[in-house]
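Work through the exercises below with the model open. Try each task before reading its solution.

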Amino acid sequence: MTQYQILPIDPHAHLFEVTLTLDKPSGSELELYLPNWIPGSYMIRDFAKHVQWLKADSQGKALPVSKLDKARWLVKEVAGPLEVRYQVYAWDLSVRGAHLDQTHGFFNGTSVFLAVKGQEETQCRVNIERPKGDTYQSWRVATGLKPVDGTAEFGFGWYAADNYDELIDCPVEMSDFRLISFEACGVPHYMALTGKHQVDEARLRNDLIKICEQHIRFFGEPAPVDRYIFMTYVLGKGFGGLEHRNSTALHCSREDLPLPSDDPEKVKDSYLTFLDLCSHEYFHTWNVKRIKPAEFLPYDTQQESYTELLWAFEGFTSYYDNLALVQTGIIPIKQYLLSIAKTITVLQRARGRLIQSIADSSYDAWTKFYKQDENAPNSVVSYYGKGTVIALCMDLLIRQLTDNQKSLRDVMVRLWQEFGQPQVGVKNDSIQNITIEICGDQHQSKLEQFFQKALYSTDELPVEELLKTVDLELVFQPKNDRNDKGQVKDEMPHNKPKPSLGIDYQAASLGILVKSVYWDSAACEAGISAGDQLISMNDLKIDNDEFAKRLAEYEIGETVVIRGFRRDELIRFEVKLRASVADTAYLVYSSEEKDQSAKLKQWLTP
C-alpha cells in the first residue's frame, strides 16, 4: 500500500505539504515521478515545476535524492520504511492544477501525488488534513475518493483509491462550500458550490436531475458510479470544466447560476452556458472516462498520448450536452436550434477547416489546439466544434438511412457495451464499423464516403442537405453586425453584404488591436498583421465602439487609408474593402405548433 498525507500547511503562502510513506519498499532504489499532463487536457503542463523541495528518510536517516529529469526523482540507499516529504506551491486557479488560499483549497492528484514507479497498481490511501487554526473549522471535503477508517462523508480524514490512476482521477475541494444534494436514477449526486454566490437551489437541483437521468437512461441503467460530485468554484468571471470518473471540476461566473429573481419560464443565456457545461462533463462519465481511445488504455501521463479520435470524444459529448437540454424540456426547441446555428457559424468562420482535417486536429491537439497563436483561425479547426457538427450529421444521416428506426444513440450504446463496460480501447475505425453495421451493408458505400469526407478531408460537411431531412432550411448569410453569431428565423432574411477588412480585433488604449488576420481578406492583402494597433481610417480616429460603424460608411471595393502602429513604428495601409463573407448560419423554424415538422419532433424527442 502507498500512503499519502496532504496538509494545507500555509494557505496564505499557497503551500501544500505532502508526505508519501511506504512501509515495505520494493528495493534499495525507488523512482518517483509526477505526471506531466492531466487526462482530459491535452497539453504538457509540467506540474513538477511547482514542487518546492523534496526530502526522503528511512527510520530517521536522511537518504540521498537525485533528479532524473524535470519530473522524476531517484531515492537511493533505501533499507526500510520510506518517508518522502515535499511541498507544492498551489496558485493555479484552473480546473487542471492546484489552488490554495484562506478561502478554499483545491487540487488534482496529478499536481500533488508522486507515483512510485512499478507500484502504480497498488492500493493508495490519503489522509486529507484540515488547515491549522480556528478559521478553517467550518471547512469540509468534497471528493470522489472513498472515505475509510471512520472518515465521515465530506469530512477530513482517510480516503482510499484502488490504484494510482484512481487517486489522480479524483480531485479534492476543501472549503465551507454550499452542498446541493439530489438523486438521479437512485444514485446520490451532489453539487458543491465554493465562492460567493446566490442561487435558486430548487431550480438548479431539478435541472441537474433531468440532465443526469437523461444521460444515465441514454446509455442504460444502472449508472457506472455509486455517487457523483459536481465541484464548482463560483467566480466573478470564470468558465471551464474537467471530467473525472465520478466527479467533475467546474468554474463558472456568478451570473451563470440561476437566481430566485430569474424568470422561471425562461433559461437565460448565462445559465444555459452553465447547464451545457454540467451536461458536457457528466456525459464524459461514459464517453472518454470509460469509452476510451485505445491509446489511452492505460494513460501515459509522462508524455503525450496521441489519438485521432478526440473529434468523437469531445464532439459527440458537445452534441449531446445541449441536445439533452431540449429533450428534457429544460429549453424550448427554438433555443436549441439557435445553439446549433451558432455552432455551425463558428465552424464556418474557421478558415482552418479548409486546411486541417478533424483527424489531424485531434492528433495535433497537443501542439496546435492547446497552443493556439494569432494564425490559428487560418490553420486550426476545433475538434469540439467540427466534431459537434459531424455528430449532428451522423445522427441525421443514420435516421435518414434507417427510416428513423436508428440514430447516433445506437452507436453510442454499442460503444458503451463493447468498449466502455469491458474497458477495451476504441480504434480509429471502430465507430465507422459500428455505424455501418447499424445502418446495414447496403449503405456501406455512402457511409464510407461520408466518413472519408468528414474525418480525413477538408471538404465541407453535408449539413445543409441533412438538416433538410428534418425539414429545416439552413442558409449562410453575411453577418448583420459584430454580435451576429447565427440566428433562427420564421422566414429567411437576405442580408446585404457589408464592407469588411477580415480581422478579429479588441479594444486598445488608442484605437483597436488586431488579434488575427484572415489570410483571404482585404487586411491581409494590404499588409495588416496581428498585433498591429490601428488608430485611424481616412484620417478619422477609430476605436472599438466606432470601428464597425465607420467601416459601414464605405462601399465594397472602395479603398481606404488606415494608419496604425506596429510596435513603435507608424505604418500606412491602403485597403481595398471586400464584401463580408456569407459565413453566418441562419435556420428557418416556425415556433407555431401547427407548422412544426413531425420529423423534427422525432429527432428532438428522447
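**Exercise 1. A strand and its neighbours**

Which residue in β21 is the bridge partner of Phe230?

Solution. The model is a predicted one. Begin with the strands. β19 (residues 228–235) and β21 run parallel and are joined by seven bridges. Within that pairing, look across from Phe230: its bridge partner in β21 is Thr248.

Now turn to β20 (residues 240–243). Four bridges join β20 to β21, and these two strands run antiparallel. Here Glu243 stands opposite Thr248. The connection is a hairpin, with three residues between β20 and β21.

**Exercise 2. Burial of β21**

Decide whether the faces of β21 are covered or open.

Solution. Take the strand as a whole. Seven of the seven residues of β21 (residues 247–253) are buried, so the strand is largely enclosed by the rest of the structure. Next, split it by side. One face carries Ser247, Ala249, His251 and Ser253. The other carries Thr248, Leu250 and Cys252. Every one of these is buried, and both faces are covered.

**Exercise 3. The core around Phe230**

Find the residues that touch the most other members of the largest nonpolar core.

Solution. This core has 109 residues. Met191, Phe230, Trp311, Tyr336 and Trp603 touch the most other members. Follow Phe230 outward, leaving out residues up to four places away in sequence. Its contacts are Phe182, Tyr190, Met191, Ala192, Leu208, Cys212, Thr248, Leu250, Cys278 and Tyr282. Met191 is thus both a contact of Phe230 and one of the residues that touch the most other core members. A separate core of 54 residues lies apart from this one and includes Val88, Val95, Ala98 and Cys170.

**Exercise 4. Classifying ring pairs**

Classify the pairs Phe219–Trp286 and Tyr505–Phe547 as stacked or edge-to-face.

Solution. Two values are needed: a pair of aromatic rings is described by the distance of the centres and the angle of the planes. The model holds 37 aromatic pairs. For Phe219 and Trp286, the centres are 5.0 Å apart and the planes are at 10 degrees, so the pair is stacked. Phe219 belongs to helix α3 (residues 201–219), and Trp286 to the loop between α4 (269–283) and α5 (310–327). The pair therefore ties together parts 67 residues apart in sequence. Phe219 and Trp286 are both buried.

For Tyr505 and Phe547, the centres are 5.0 Å apart, but the angle between the planes is 80 degrees. That makes the pair edge-to-face. Tyr505 is in strand β25 (residues 503–507) and Phe547 in helix α16 (residues 547–551), so this pair ties together parts 42 residues apart in sequence. Tyr505 and Phe547 are buried as well.

Then look for linked pairs. One cluster joins Trp37, Tyr42, Phe296, Tyr299, Tyr306, Tyr363, Trp366, Phe369, Tyr370, Tyr383 and Tyr384 through ring pairs.

**Exercise 5. Charges over rings**

Which ring does the charged end of Arg227 sit over?

Solution. It is the ring of Phe154, with the charged end 5.5 Å from the ring centre. Elsewhere, Lys55 lies over the face of Trp53, at 4.9 Å from the ring centre.

**Exercise 6. Helix spans and cover**

Compare the reach of α10 with its expected span, then check how many of its residues are buried.

Solution. Helix α10 (residues 385–401) has 17 residues. From first C-alpha to last it reaches 24 Å, close to the expected 24 Å. Of its 17 residues, 16 are buried, so α10 is largely enclosed by the rest of the structure. Asp403 follows α10, with a positive phi near 55 degrees.

Repeat for α4. Its 15 residues reach 21 Å, close to the expected 21 Å. Here 13 of the 15 residues are buried.

**Exercise 7. Edges of a sheet**

Which strands stand at the edges of the eight-stranded open sheet?

Solution. Write down the order: β5-β4-β8-β2-β1-β12-β15-β14, with mixed pairing. β5 (61–63) and β14 (146–147) each have a single partner strand, so one side of each is left without a neighbour in the sheet. At the β5 edge, β4 (residues 51–58) pairs with β5 in the antiparallel sense over three bridges. Asp57 stands opposite Ala62 there.

Definitions and conventions. Residues are numbered from 1 along each chain as its sequence is written. This is a predicted model: local features need pLDDT of at least 70, side-chain atom pairs count only at pLDDT 80 or more; totals for chains, interfaces and linings use all residues. Side-chain values use heavy atoms; hydrogens and water are left out. A nonpolar core is a set of buried Ala, Val, Leu, Ile, Met, Phe, Trp, Tyr and Cys residues joined through side-chain atoms within 4.5 Å. Buried means under 20% relative accessible area, exposed over 50%, partly exposed in between (1.4 Å probe, protein chains only). Contact means heavy atoms within 4.5 Å. Rings of Phe, Tyr and Trp (its six-membered ring) pair if their centres lie within 6.5 Å; planes under 30 degrees apart count as stacked, over 60 as edge-to-face and the rest as tilted. A charge sits over a ring if NZ of Lys or CZ of Arg is within 6 Å of the ring centre and within 35 degrees of the ring normal. The expected span of a helix is 1.5 Å times one less than its number of residues. Two strands pair if DSSP finds at least two bridges between them.
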